[in-house]
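The following exercises concern the charged pairs, backbone conformation, surface and internal spaces of one protein. Each task sentence is followed by a solution in steps.

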Amino acid sequence: MNRNNPTNSAGTNNLTMSSRGIEHGTVHTAPAALYIHKLLPMAVLYFFLNSAGLPIGLFYTTMLSPFFYLWLYLEGKRLLSLKFLVCLSPFIIMQLFHGLDSHIYYARSILLLWTVYVTVYALCWALLKCRNIERLFEELIVLNFCAAMVALVILFTPAREILWSTDFSSLGGDGGWAPRLKLLTSEPSVYGQLMAPLLIFTVLRLLQSPNRRNFLYVVIIVTPLLLSQSFGAISICSAGLGVAVLFKSRHMLRRWNSLLILGLAAILLAGLFTVPSPISRRVFQVAAGNDSSTRVRTVGSFVEAYAIAQSRSLWWGAGPGQAKLFDVPSVLRPLGFRTAVIPNSIADTLATFGIIGVLVKFMMAVYLFFRARVYTSTFRLAMFVVPFLYQFTGSNLANIQEYLMWCFAFAPFFSALDLRNSVPRDVRLTGSRSLSVTGCT
């Protein structure tokens, strides 16, 4: 695009190069260029500060849900609450019929689910209105890396408990100390889950357009993830990427540089997990079944959820908020349970909404998979696999992060980020620098 084109004089004019290396020109008005700066603070709040200084289970986005609802109402989304109640009405009727331990807890938990519903809807709607979410992701990746580097310095000070999890001091029985990075989140696994969309985005972009700039972004997102030692997030993201790459394997076979990157990544991972280090020690601890966190999130959660649902109705569940009042049986205490808090999304759904609730959740996922044609997009296919697997190993029914990952799977994000799309040779970037479009509408 000609920089002297008179049509560009009204706003911020950029001849840009996308992160995939394809040259293109875009005209941005001043309000559009400012929108990315309005969205970034909310993204920073969600990614870095959402639970900072708050009791476990409470988030700033939850407290802001009334304002989100007002914004959505002004945007024309005026039937949100009605749709929410209509979807829950069969469960409410049947759960009231079978009886509740506490009507107050029930009403409060229904209200909590409403705030989650509104918050996720608002965040997804804001991202859909953003014309260049790619730039927003890049800024979050850089900020996250800077925060991780600050945390590394703090690790050697008495303030390390703020940003690091040091609940255990021995891994694999050799007495090794391996703190896990969590920044201001509640635990390292939550932090690892937050980075999942960013990791999928950067890796697929590198495979689509291998260059030094894209490789650098992969390094600066992988480094904090390894420091968190969230192997649930690492393994599930790897599974999502693996499924997406295999699904597009015939396109990958045409690109020797992408195949080379995959080979090098496999070698690096093998070396990382086999060379003695705090990370490899925890890998073997999880593989041997000696990790208490893994046991609680998998087997223990389903045992407890079954007991809670069966106490009222195995088909319809005990109802929202009723699990808090459940007396944890002695058989569950060796698994790590002291209170009836279920750190597993499917198990939590089973306890709250019973077998019917679990079936509805699976049917909705399958329906939306084909309705949204998830299989046509490499990014969305990988993002579908991540929450689908993660719901069996962690999360909970009111987890905003899980629902937002489902949004990335079903909404039309990064439609151009597909391994079928090749980069023209004459405009492919081979250097370490390229410019990205800024501005959203």
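R135 has a relative accessible area of 25%, which means that this residue is partly exposed. The classes used here are buried for under 20% relative accessible area, exposed for over 50%, and partly exposed in between, with a 1.4 Å probe and protein chains only. The model is predicted: local features need pLDDT of at least 70, side-chain atom pairs count only at pLDDT 80 or more, and totals for chains, interfaces and linings use all residues. Residues are numbered from 1 along each chain as its sequence is written, and side-chain values use heavy atoms, with hydrogens and water left out.

**Exercise 1. Determine the salt-bridge partner of R135 and the wider network to which R135 belongs.**

Step 1. The criterion for a salt bridge is a side-chain nitrogen of Lys or Arg within 4 Å of a carboxyl oxygen of Asp or Glu. Side chains of opposite charge can pair when their charged atoms come close.

Step 2. R135 meets E138 in such a bridge, with 3.5 Å between the closest N and O atoms.

Step 3. Both residues belong to helix α6 (residues 133-154) and stand three residues apart, so about one helical turn separates them. Helices (H or I, at least four residues) and strands (E, at least two) are DSSP runs, numbered from the N terminus.

Step 4. E138 is buried, at 0% relative accessibility.

Step 5. The network of salt bridges links E134, R135, E138, E139, R205 and R213.

**Exercise 2. How many salt bridges does the rule yield, and which parts of the chain are tied by the pair E75 and K129?**

Step 1. The rule gives eight salt bridges.

Step 2. In one of them, the side chains of E75 and K129 meet at 3.9 Å, N to O. E75 sits in the loop between α3 (65-74) and α4, and K129 in helix α5, so this pair ties together parts that are 54 residues apart in sequence.

Step 3. E75 is partly exposed at 34% relative accessibility, and K129 is also partly exposed, at 29%.

**Exercise 3. Are the partners E402 and K361 buried or exposed?**

Step 1. The closest N and O atoms of the salt bridge between E402 and K361 are 3.1 Å apart. This pair links distant parts of the chain, with E402 in helix α18 and K361 in helix α16, 41 residues apart.

Step 2. E402 is buried, at 0% relative accessibility. K361 has a relative accessible area of 17% and is therefore buried as well.

**Exercise 4. Where are L183 and S395 placed, and what phi does each adopt?**

Step 1. L183 occupies the loop between β4 (180-181) and α8 (188-194). Although not a glycine, L183 has a positive phi of about 50 degrees, and L183 is buried at 6% relative accessible area.

Step 2. S395 lies in the loop between α17 and α18. S395, likewise not a glycine, has a positive phi of about 70 degrees, and its relative accessible area of 5% makes S395 buried.

**Exercise 5. Characterise the second largest pocket by volume, lining and residue class.**

Step 1. On a 1 Å grid over the protein atoms alone, a cavity is a set of points where a 1.4 Å probe fits but cannot get out; a pocket is an open set with protein on both sides within 12 Å along at least five of seven lines; lining residues have an atom within 4 Å of a point.

Step 2. The volume of this pocket, taken as the space filled by probe spheres set on the grid points, is about 1400 Å³.

Step 3. Its lining comprises 30 residues, of which C87, Y117, M364, L368 and Y403 lie nearest the centre.

Step 4. α4 (80-98), α5 (103-129), α16 (345-371) and α18 (400-410) each supply at least two lining residues, and α16 gives the most, with 10.

Step 5. The lining divides into 24 nonpolar, three polar and three charged residues. Here Ala, Val, Leu, Ile, Met, Phe, Trp, Tyr, Cys and Pro count as nonpolar, Asp, Glu, Lys and Arg as charged, and the others, Gly among them, as polar.

**Exercise 6. Describe the largest cavity: its volume, its lining and the element that contributes most.**

Step 1. The structure holds one cavity of 30 Å³ or more, and the largest cavity has a volume of about 40 Å³.

Step 2. Q193, A196, G232, A233, I236, C237, V386, Y390 and M405 line this cavity. Two or more of the lining residues come from each of α11 (231-247) and α17 (378-390).

Step 3. α11 contributes the most, with four residues. By class, the lining holds seven nonpolar, two polar and no charged residues.
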